[in-house]
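Me: I have a model open in my viewer and would like a close look at one part of it. Could you walk me through the metal site and then place it in its surroundings?

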Amino acid sequence: MADVPTQEAPMTGTRTRSTPLTEDDLEIMRILHRAFRRDGARLARTAERYGTESEEVHDALLVGWHGFSSSLHHHHTIEDAHIWPVMRAKLADRPDDLAVLDAMEAEHALIDPALERLEHAFDDREADRDEVAGRIEELLTLLRSHLDHEERDAFPLISELVTAQEWQALTKASMKELRLSDIAQISPYLLEDASPAEVRVVLDELPAPVRLVHRFWWNPRYQRVRRWE
Ligand SMILES: [Fe+2]
């Protein structure tokens, strides 16, 4: 995260307690949401041709699906366990804004079971196309409206309320809760079809050693695996 001089420490560039989040900090959330929409479009295509694919393609679909569903699940867990609580503590006298966070949690609580229902449908090779298509439609309807709602109402609150220090601390705490195999998927997943500018934003946020691991290990390995189609 880039150093932003503040009024409290204008000459040193040190991040003080009140350093606001940078646009790049939030841009990573936007890039992640774009990755979810990218995979939402892949799921919509899956709904059209489901049941006609070979076993090989079905396996590739499952690999892509698991990358998407686990990334989405982890993202919601991090928001519910780490991001919203930091904000709630500052919103005691703002019921309308607290209601936005309640809505975010309620929407997550609908999406996770929809992910599970689709997971079961993909696991059952007897499940017919209409059933799978119905579950994909159910999930995508929930997901699209949730992403739009979060960007419209929660993102402005995040940038208003969460300081850069809190962001760093909660990012660190949430990474500790993930397995190494999950962490190894995050940057390649985010950057799968990112623009050069997006790649720069994400890689700049990583410590130099992690950037190297991404470049020479995680990303090449991710690219080698057939996904979705
Ligand atoms: Fe989100």
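What follows is a tour that begins at the metal site and works outwards.

Me: Which residues are the protein donors of the iron ion, and which salt bridges and helices should I look at around the chain?

Reply: Happy to help! Please keep in mind that this is a predicted model, and that every distance and angle here is computed from it.

Let's begin at the metal. The iron ion has His-33 and His-75 as donors through their NE2 atoms, together with Glu-79 and Glu-150 through OE atoms. These donors lie 2.0 to 2.4 Å from the ion. The angles among the four donor atoms run from 69 to 150°, and the site is irregular. If you like to search by pattern, the spacing of the donor residues in sequence is H-x41-H-x3-E-x70-E. Within that pattern, Glu-79 sits in helix 2 and Glu-150 in helix 4, so this pair links parts of the chain that are 71 residues apart. Glu-79 and Glu-150 are both buried.

Now for the charged pairs. Side chains of opposite charge can pair when their charged atoms come close. Searching the whole structure gives 24 salt bridges. One of them joins Asp-148 to Arg-37, with 2.8 Å between the closest N and O atoms. Asp-148 belongs to helix 4 and Arg-37 to helix 1, so the bridge ties together parts 111 residues apart in sequence. Both ends are partly exposed: Asp-148 has 40% relative accessibility, and Arg-37 has 32%.

Another bridge worth selecting is that of Glu-192 with Arg-42, at 2.7 Å from N to O. Because Glu-192 is in the loop between helix 6 (180–190) and helix 7 (196–205) while Arg-42 is in helix 1, this pair ties together parts 150 residues apart in sequence. Glu-192 is partly exposed at 22% relative accessibility, whereas Arg-42 counts as buried because its value is 16%, under the 20% cut-off.

The bridge between Arg-179 and Asp-182 has an N to O distance of 3.2 Å. Its two ends fall into opposite classes: Arg-179 is exposed, with a relative accessible area of 57%, and Asp-182 is buried, with 11%. There is also a network of salt bridges that links Glu-23, Glu-27, Arg-30, Arg-34 and Glu-198.

Helix 3 deserves a look too. This helix covers residues 95–123, and at 1.5 Å a residue its 29 residues should span 42 Å; the end C-alpha atoms are 42 Å apart, so the model agrees with the expectation. Its buried residues include Asp-97, Met-104, Glu-107, His-108, Ile-111, Leu-118 and Phe-122. Among the parts that cover these buried residues are helix 1 (23–49), helix 2 (55–88) and helix 4 (129–161).

Finally, let's zoom out. The chain has eight helices and zero strands. Its C-alpha atoms fill a box of roughly 65 × 45 × 25 Å along the principal axes. For 229 residues, a compact globule would have a radius of gyration near 17 Å, and the 19 Å of this chain agrees with that. Buried residues make up 43% of the chain. Of the contacts between residues at least 6 apart in sequence, 76% join residues at least 24 apart.

Conventions. Residues numbered from 1 in each chain as written. Predicted model: local features only at pLDDT ≥ 70, side-chain atom pairs only at ≥ 80, totals over all residues. Heavy atoms only, no water. Helix = DSSP H or I, 4+ residues; strand = E, 2+ residues; numbered from the N terminus. Expected span 1.5 Å × (residues − 1). Buried < 20%, exposed > 50% of the residue type's maximum accessible area, 1.4 Å probe, protein only. Contact = heavy atoms within 4.5 Å. Donors = N, O, S within 2.8 Å, 3.2 Å for Na, K, Ca; no water. Tetrahedral: all angles 85-135°; square planar, octahedral: opposite > 155°, others 65-115°. Salt bridge = Lys/Arg side-chain N within 4 Å of Asp/Glu carboxyl O. Rg over C-alpha atoms; globule rule 2.2 N^0.38 Å.
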